[in-house]
Amino acid sequence: MNSLWLAPLRGVTIRAFREAFAGPLRAAGFVGAFAPFIPANPGIRVGDRLLDDVRPFPTESGCHSQFTVVPQVISKDPAAMRVLLKGFKDRGFDRADLNAGCPFPMIRRRGRGSGLFKTPEVLESLLEAGCDEMGPGKFSLKIRLGLENPDELKALMPRINRYPLAVLTVHARTARQMYEGACDVRRFEEVAALSTNPVMYNGDVPFSFHSPGTVPFDSAAEKPFAVSHSSYGLMVGRGFVRALGGEDDAVERLRAYIDLSRAELSGDRPVLGRMKELLAYWCVWPKWRRLWPLLKICRTVDELLLVAR
Ligand SMILES: Cc1cc2nc3c(=O)[nH]c(=O)nc-3n(C[C@H](O)[C@H](O)[C@H](O)COP(=O)(O)O)c2cc1C
């Protein structure tokens with residue numbers, strides 16, 4: 001159960017990131033990554049640019065052969081979702097994940113992401129379509145403990161258990177909490193005990209490259225991370241992204257991330273935006289915290305590289 005999965009962080013753990021940081025992902029023993037969500041709406045064609053964010057191994061370079069990339073969809077429309085899932089399959093993927101956890105009001109109020117808590121019948125229709133399109137054990141769900149209160153997911157479990165999922169990933173917060181406040185490990189364990197599908201814990205899993213032993217999160221954990229009930233593994237997001245900034249080769253990898261981003265985006269502006277998003281996570285480290293006031297005001301990538309050097 002010790003497998004580590006990289007969490008989807010929109011704008012951060014994108015393809016260029018996964019390629020630039022393939023070495024550390026490999027060194028830390030990650031077995032795969034869930035890619036940030038792609039929306040599926042009726043009547044709107046998903047452009048190649050969005051789809052290009054996901055490429056199955058071996059096209060996504062640098063990772064080991066067992067590294068699995070799972071594309072993710074956000075939707076409330078089973079037919080539109082099927083179109084996107086077919087697109088994933090055409091690109092060589094045999095798995096896909098449904099985002100039922102996104103807490104942002106624009107998404108939630110339109111009944112997508114964590115908004116699906118309000119329409120369990122829609123959630124079910126998506127699970128049914130997803131399992132049918134991808135096949136049993138090839139579709140998965142990422143969700144929170146609830147929208148407003150942490151017992152909502154427990155109440156949904158009999159419905160979710162009707163579908164043969166690859167994994168049920170639970171971010172142990174409510175949508176109301178957004179990304180802050182304590183994770184509720186006990187509630188997660190209650191959900192896990194009710195699940196007939198494999199379960200994966202997510203939320204504030206501590207991560208360090210330097211803790212002794214082969215499983216970094218075990219020794220770094222200050223509290224138990226529901227390890228016994230995470231039958232599938234642990235999903236780590238921000239902890240891993242932050243840890244990268246403390247590595248000796250951080251600047252070198254930043255350069256690789258910049259090069260890949262330059263090849264993909266046009267002009268300095270979007271590349272800079274992407275780098276600043278990453279560097280904001282690295283500010284937990286004294287070096288980056290000190291440089292942050294300067295990094296923040298850089299107007300070109302070359303300026304940024306000069307400061308970061
Ligand atoms: C900037 C940002 C973007 C995110 N994008 C996604 C996303 O595209 N899909 C998704 O399921 N979760 C998304 N999440 C939630 C994370 O996958 C994860 O559930 C959350 O950050 C808790 O895990 P962590 O504490 O290990 O980061 C996002 C979170 C953040 C902070």
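## Around the ligand

A residue counts as near the ligand here if its C-beta atom, placed from the backbone, lies within 6 Å of it. In this predicted model, 22 residues sit around the ligand, and Ala7, Arg10, Pro36, Gly237 and Arg238 come nearest.

As for what the shell is made of, it splits into 9 nonpolar, 9 polar and 4 charged residues. Two elements that each put in at least two residues are β2 and α10 (238–244).

## Strand β2 and its partners

β2 turns up again in the sheet. Most of this strand is covered, with 8 of its 10 residues buried. It pairs with β1 (residues 4–6) through 3 bridges, and the two run parallel. β2 also pairs with β3, again in the parallel sense, over 6 bridges.

Alanine 33 is a handy residue to click on. This β2 residue is the bridge partner of leucine 6, and it also stands opposite valine 69 in β3.

## Helix α4, one side in and one side out

Now for α4, which covers residues 78–90. Its 13 residues reach 18 Å from first C-alpha to last, close to the 18 Å expected at 1.5 Å a residue. Which of its residues are buried? They are Met81, Leu84, Leu85, Gly87 and Phe88. These share the same side of α4 because they cover an arc of only 150° around the axis. Flip to the other side and you'll find Ala79, Lys86 and Asp90 exposed.

What lies over the buried residues? The cover includes β2 (30–39), α3 (48–51), β3 (68–74), β4 (96–100) and α6 (120–134). So β2 and β3, the parallel pair from the sheet, are both part of what covers α4. Just after the helix, glycine 92 takes a positive phi of about 100°.

## Two positive phi values outside glycine

Most residues other than glycine have a negative phi. Two spots in this model are worth a look on that score. Methionine 178 isn't a glycine, yet has a positive phi of about 55°. You'll find methionine 178 in the loop between β6 (168–174) and α8 (185–194). Is methionine 178 buried or exposed? It counts as exposed, because it has 10 C-beta neighbours inside 10 Å, and the cut-off for exposed is 12 or fewer.

The other is aspartate 204, with a positive phi near 60°. Its place is in the loop between β7 (199–202) and α9 (216–220). Aspartate 204 has 22 C-beta neighbours inside 10 Å, so it counts as buried; the cut-off there is 20 or more.

Methods
Residues are numbered from 1 along each chain as its sequence is written. This is a predicted model: local features need pLDDT of at least 70, side-chain atom pairs count only at pLDDT 80 or more; totals for chains, interfaces and linings use all residues. Helices (H or I, at least four residues) and strands (E, at least two) are DSSP runs, numbered from the N terminus. The expected span of a helix is 1.5 Å times one less than its number of residues. The arc is that of the directions from the helix axis to the C-beta atoms. Two residues are in contact if their C-beta atoms, placed from the backbone, lie within 7 Å. Ala, Val, Leu, Ile, Met, Phe, Trp, Tyr, Cys and Pro count as nonpolar, Asp, Glu, Lys and Arg as charged, and the others, Gly among them, as polar. Two strands pair if DSSP finds at least two bridges between them.
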